[in-house]
Amino acid sequence: MSTVRVSTTINGDAVAYLCEVDETLLDVLRDRLGLTGSKEGCSTGDCGACSVMLDGRVVCSCLVLGAEAEGRDIRTVEGLAAGDKLHPLQEKFLEFAALQCGVCTPGFLVAAKALLDRNPDPSETEIRFALAGNLCRCTGYDKIVRAVQSAAAELRKG
Amino acid sequence: MRYEAPTTINAAVKLLAGKAGQARVLAGGTDLLVQMRTDRVAPDLIVDVKRIPAMRAIAAKSGGFRIGAAVSGAELGANKALRKAWPGVVEAANLIGSTQIQSRATLAGNLCNASPAADSVPALVAAGASAAVAGPRGKRTVPVESIAVGPGKTSLKKGEIVEAIILPKRAPRSGDAYLRFIPRTEMDIAVVGAGVNLTLDSKGVCTAARVALGAVAERVILVPEAAAALVGTKVDAAALKRLAAAASAACRPIDDKRGTKEFRIKVAGVLARRAAETALKRAGGSK
Amino acid sequence: MPLDSNIDPATHKFNLVGTRPLRPDGVDKVTGRAKFGADANAPGMLVGKILRSPHPHARIRSINTAKAAKLPGVKAIVTAADFKEGKRALRDVLCNVMARGKALYDGHAVAAVAATSASVARKALKLIQVDYEILPHVTDVDEAMKPGAPLLHDDMITAHVDPAPKKPSNVAARCEFGHGDPEVGFKQADVVIERSFRTEATHQGYIEPHACLASMGMDGQGELWVCTQGHYMVRNTCAALLGMDVSKLRVTASEIGGGFGGKTTVFIEPVALALSRKAGKPVKIVMSREEVFRASGPTSSSSMDVKIGVTKAGRITGALAEIRMQGGAFAGAPVELGAMSAFACYDLEHVKSVGWDVVTNRPKQAAYRAPGAPMVAFAVESVLDELARKIGMDPIELRLKNAAKEGTQSSYGPKYNRIGLRQCLEATRNHPHYTAPLGPNEGRGVAAGFWFNFGGQTCVSLNINIDGTVALAVGTPDIGGSRASMCMIAAEELGIPYDKVRAIVADTSSLGYNDISEGSRVTFSTGLATIQAARDAIGKLCARAAKTWGISPEAVVWENGHAKPSSPNAGDFAPLSLADIAKKAGNTGGPIAGHFEVNADGAGVSFAIHLADAAVDPETGRVQIKRYTVIQDAGKAVHPSYVEGQFQGGAVQGIGWALNEEYVYGKDGRLQNAGFLDYRIPVASDLPMIDTVIVEVPNPGHPYGVRGVGETSIVPPLAAIANAVSAAADVRLTELPMSPPRVLKAIDGKAAGKARR
Ligand SMILES: Cc1cc2nc3c(=O)[nH]c(=O)nc-3n(C[C@H](O)[C@H](O)[C@H](O)COP(=O)(O)OP(=O)(O)OC[C@H]3O[C@@H](n4cnc5c(N)ncnc54)[C@H](O)[C@@H]3O)c2cc1C
Ligand code: FES
Ligand code: FES
C-alpha cells in the first residue's frame, strides 16, 4: 500500500500528514491528528456521527479518502466554537438537553450548522429531513429538533 | 493500492487503461468506499475524477443538458434551469441518501454502480438520457439503459469512463416524476422505484411516454407496455389502471431482506400510477 | 436534622430537585472533547481484530494461525485456548467471547490478532485457517423447540420441569407465575379472546460500537479503558476469565455512547486483555458496526399465546399467557421478566403466565431496556384492545376498571406499595391528544406498560474540598445525564449551589463495588447513596462546628448550607457555612468526607401509558406515526429534561421495534442486514415531536420519592402502535415488525376475505 502526502486546511489551520491510500478522512482525523471529536458509528455513511464540512458542504468523513483532502478546507466539531465562546447551536443543545449520551452530538452540530448556513429559517420538516442522515438512538430527536429551531431563531437575530 | 487525481479526462482514461489489475473510478465514493470497507472490492488503482473541471460542470447543450460525471446531487438540486426542465430526474437524484451523501453522490456513480435499486436510473431511463463515454478507443454516446447489465456489472470496457450524462431537449407540455417505496422516510434503498416521463398535445392527449422501474428485476427496466397504456389517452383513471397493471406485469423481482416478490409487484403498479399522476400535473395536464 | 429522615416529596419545597440546570459533562460533549471508548490511545498501541465464524453452527476441527503469525507486524494471536475454563457460572460468557469447540452463530468469535496497524490486522485475519465441520442450524424459536431440531448443546436439560426430561433439547428452562386458576376465570367471562403473536429480535442500536483499550504489564497488572454500563462487572468477569486477581485489574469507564442494556456484559474486553498480555503492548479493539449487529447482544425474538376473558361490564376474569423466547446460543432469554410483567398492570383473581427459555443459532441476547417486557405487553395489550372493542368499552375505561393499585397482589407475587397507574390512565384520558380528531386512514392506539425497576449494590464517596466545593465520586457509568442529577441531589442536601458540586465516575480501584447501570437503577440507588453520603458529610460538618464552638454535636443543626446552634440555649454563635468549616478542616480534625454503601431495595415499580396515532397507506402498507404522547409515573423527576428524554427515547426505540427493525436471517443462517441501512432504526424525518406528561406519585422507598424511569417507556409502544395500525387498517396485526409487506398482506387478506363472503 502506497502512502500519500497531503496538505490541507483543518479548522482554518494548515495541516500536513501522511496516510495510506485506503485510510478515510475520519481515520486520519481521529488516529493521525488526534481530532477524536468526529465519531465513527458505522464507517459506511449511515449514521452521520463522522460529519465534517468539506469545502463548505457537509459530508461523512468515513466516505472520504484521506488522500482526497489535498488542498481542501475541512471543518470539524472542534472548530465550531470561537475561542472560548460556544456557537449558538452548542449552547442550545445544552439548554434543550438535546444530548443524552452525546456520541451523536458532534455529527448533529456539524450537520445542523450546514443546514442553517444555507437555510436560516427552516421548518420543522426541513430540519427533520436535513438531519435524517444523523442517527440518534437516545433522544427520539424531539429535543434536537427544538434546539436547532431555537438556535436558528437566535442566529437570525444576529 | 494507488491514488491518482488527474485533471483531464484523457489522463484519467490513460491511467485506467494502463493499469494491470483492478482500477476504479472514484466519483463521490459513496458506493466505492463502502464496498472497499466491507471487502467487496480491493482496487489496485483509484482514479479520482473530481479534479477534472470538465466533469464538474452542468452545461446547457442543444436545448438539453450535459451534466458532468462528477457533479454532486447537491449541485444538481441547486440548478434551477435543470430542476425546471427535468424535475423528476432531479428529485430522483436528490432522494439518494442523506444531506451528507448528497454532497458527494453523482448520477454517473449511481449509474455505473449498476444497482437495480439505483434511484436516479429509472428517472434517467424514463427521460431518455444518454451517457457520454470516453475510452482508450475514443468516445461514444449510449442510452443510459445500456450501461448496467446486471447487479454490479456494466457494459463499460477497460479504461472506459462516463464523462457526462446528457438530458435531451424538452418538448412543450412535458413532465416527469420519480417515486420510490422505502419503509422509512429517508436513508433506505428503494424496495421499488418508478420513473414516468410524458408529453401531452395541446388537447391534453398523451403523445409520448416512457416508464421505467427500479428494484424489480436484475437491473432497471424500461416498460414500453406501461408507456403504451398512456399514449393516446388523456391519462385518465382507466389509462392509469392499465399503466399500473402493465407495470406490475413487467416485474420479475426476488424476495430479499428489503421486500417480498408479491409486495414489489403490487407496489410497482401503485407507484407507476402515482408517478404518472405527478408527471401529468407537471406537464400541465389535469386529472 | 435527623439524618435518616425522609421528607414528604409531595409537599416538600426543593431548591434544585425538579429544576433543569446544564449538565456538567455538556460542554465537553458539544465541543468534541469528551472521550468515548474509541477515543483513547496509548503509546506503542496495537490494533486488535477478531476473526468471526461465517457459519451459524459448525464444529471447529482446527485453527491454524501459523501463516498469520509470520506476517510482519503481527504481535499476538489468541484463540479459546488462551482463556482459562474456570467456574461454571462463567462458562457461557467465556464460550461467547471466544468459541470453544463449536461456533454457535454467524459472527461468533473464533480467533483474534493484534498487529501494528489495522490493515496488517485485517490481512492477518485472512491468513488464519479454520477448518469447520458445518452442522445443521436453527434460528427460529418455535422450530428450535421441536423434537429433532438441530441441537446446540448436548447437555442442555430443561430446568424447572417436573419430572426432569431425560433427553437434551434447546429449551433451557421453564418458568411460571400467577395465582388463581385462569380456566375458572374464563368460565365467568362473557367474551374470551385468544391470539398468537410473534416479534422479531431487535438491537439496542447504540451509536457507539463497543470499544476498549487494554494494557497488561509483565507484572500481571492491567488497565482497561472501556465503554460499558458496568466497569466493576467488566473487571470481575475479565479477571476471572484471565485468571487474575481482581485487585490487579483497574477498569476505567469511558464516556458511553449509548447502551440500553447492550453494554452490560463483556465481548471484546477479555480478548483485548489476552492479546495485550501476549504481545506485551497496549491493544485497542473497536467493533465495526457489522460486528455489533452480528456478535453483540440483540434482544430475544418471541412467540406468544395470550388468552383473556372479560365480562360485559369490563371486568377481567381470567388471563393466561404462554411465552417462548429465544435468547441466542446460550441460556438466558429474558422470558422470566417477560412472564412476570405480562399482567402486572392489572388486579386479577385468576392469572397465569408460563415462559420458555430457548437457545438458537443466533448471538447471545443481552438486556435491552426492560428486557422481556415490551413483547409480552404487545401481546397482552393487543388482546385487551380487541376485547374493549368487542364489548364496546373505551380502552382506558377497561384498563381503569382493572388497574392495579396500592395493596393489589401483583401477578408475579408481591403486593404493590403506592403506585401511579390509575393517575397515568386518568392523565391520558384528560389529555387533548386522546380526543383529537383523526384523519383518513388513521387510527389511534393506547397501551399500558409496567417495569419493576431495580436497586442493587451502590457505593458513593463525597469529598468536601478546602474551598467549600464538593467532589462526588460515583461508580455507575453515566448513560443519560446522571452526573447532573447526582450533583443536584448532593447540592440539594448540602444546601449549596449546583455548580459547587462536581461528579465523576470513579474507576474500579478508587471506589467500592457498584452494580451495572441497568434496571433503571441509577437515579434511584446512586441518588439514594448520594443523599446518604451527603447526610454523612453533614453529620461530620456539624461535629466540626460543634468542636469549633465547644458545644456538643447534638446541639448543632444543618440548615441552608450552614451549621447553626440548634436553639438559643445551645449557645450564641454565628452560623458557619460549608466553606467556613471546609477552610478550617485541617485544624479541626482533617479532611471531611461522606460515604455510603448500600444494597438498595425499594426501587418502586413504574407504569406508563402511551398514545399513538398512525396513518396507514392502504395501497402500500406503509405506516406513518402522526402523533405520539407518553404519560409516565416518575415518582419524582429530579431533572425533568432528562426524564422527558428517557420517555422520548424509549418511545422512539419502541416505534422502530414496532414498525421496521428486525434481525433478518437467510436460509443459510446468516444475518442479512448487519448495518444501519437495512437495520432500520427511526430517523428524524420518520417522527413527530414526542409529547410527554410526567406524573409524580412518590415512591415510598426513596427519600425524594424517585422511581426509575429509563425502561418503562419502551414497554407500551409496540402495543400502542399495533393497536393504532390495527384500527387504521381495520385488521388485527399480530406480528412485529409491522413492515409494509406484512401490513399490505394483512389489508389484502382482509379484502379477499370480504370478497369471498
Ligand atoms: C448512506 C447511503 C445511502 C444511500 N442511499 C441511496 C439511495 O437512497 N438511493 C440510491 O440510489 N443509492 C443510494 N446510495 C448509494 C450511492 O450513494 C449512490 O449509488 C451514488 O449515486 C453513487 O455515486 P458516487 O458518485 O458516490 O459513486 P462512487 O462510489 O464514486 O462510484 C460508484 C461506482 O461507479 C463507478 N463510477 C463512478 N463514476 C464513474 C464514471 N464517471 N465512469 C465510470 N465509472 C464510474 C465507480 O468506480 C464505482 O464502481 C446510498 C449510499 C449510502 C452510503
Ligand atoms: S461513521 Fe460515517 S456515517 Fe457513520
Ligand atoms: S444522544 Fe446518544 S445517540 Fe444521540
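Here is a walk through this structure, from the ligand outward to the sheet and the chain contact. Keep in mind that you're looking at a predicted model.

Let's begin with ligand 1. Which chains surround ligand 1? Residues from both A and B do, so the site is shared between chains. There are 35 residues around the ligand, and those that come nearest are B:Val25, B:Thr30, B:Asp31, B:Thr106 and B:Asp119. If you sort the residues of this shell by character, you get 19 nonpolar, 10 polar and six charged.

Now zoom in on a few atoms. Two of those nearest residues, B:Thr106 and B:Asp119, also turn up when we look at polar atoms. B:Thr106 places a polar side-chain atom 2.6 Å from an oxygen of ligand 1. With B:Asp119, an N or O atom of the side chain sits 2.6 Å from a nitrogen atom of the ligand. B:Gly29 takes part through its backbone instead: a polar backbone atom there is 2.8 Å from an oxygen atom of ligand 1. And how much of the ligand does the protein cover? On its own, ligand 1 has 970 Å² of accessible area, and the protein covers 95% of that.

Which elements build the shell? Three elements of chain B give two or more residues each: strand E2 (23-26), helix H7 (107-112) and strand E10 (161-167). Of these, H7(B) gives the most, with four residues.

Next, let your eye move further along chain B to a sheet. Four strands make up this open sheet, running in the order E11-E12-E13-E14, and their pairing is antiparallel. At the edges you'll find strand E11 (174-181) and strand E14 (221-222), each pairing on one side only. Follow E11(B) to its partner, strand E12 (residues 192-200): the two are joined in the antiparallel sense over eight bridges. To see one spot where they face each other, look for B:Ala177, which stands opposite B:Val196 in E12(B).

Finally, step back and look at where the two chains meet. Chain B brings 27 residues to the contact, and chain A brings 33. About 2,400 Å² is buried between the chains, with carbon and sulfur atoms giving 60% of that area. On the chain B side, three residues are worth picking out: B:Met1, B:Arg37 and B:Gln100 supply 28% of the area that chain B buries against chain A, more than any other three residues.

Methods: Residues are numbered from 1 along each chain as its sequence is written. Chains are lettered from A and ligands numbered from 1 in the order in which they are written. This is a predicted model: local features need pLDDT of at least 70, side-chain atom pairs count only at pLDDT 80 or more; totals for chains, interfaces and linings use all residues. Side-chain values use heavy atoms; hydrogens and water are left out. A residue is near a molecule or strand if one of its heavy atoms lies within 4 Å of it. A polar contact is a pair of N or O atoms within 3.5 Å; within protein, one must be able to donate a hydrogen and the other to accept it, and residues adjacent in sequence count only if both atoms are side-chain atoms. Accessible areas come from the Shrake-Rupley method with a 1.4 Å probe; for residues, only the protein chains shown count as cover. Ala, Val, Leu, Ile, Met, Phe, Trp, Tyr, Cys and Pro count as nonpolar, Asp, Glu, Lys and Arg as charged, and the others, Gly among them, as polar. Two strands pair if DSSP finds at least two bridges between them. Contact means heavy atoms within 4.5 Å. Buried area is the accessible area (1.4 Å probe) that two parts lose on being put together, summed over both.
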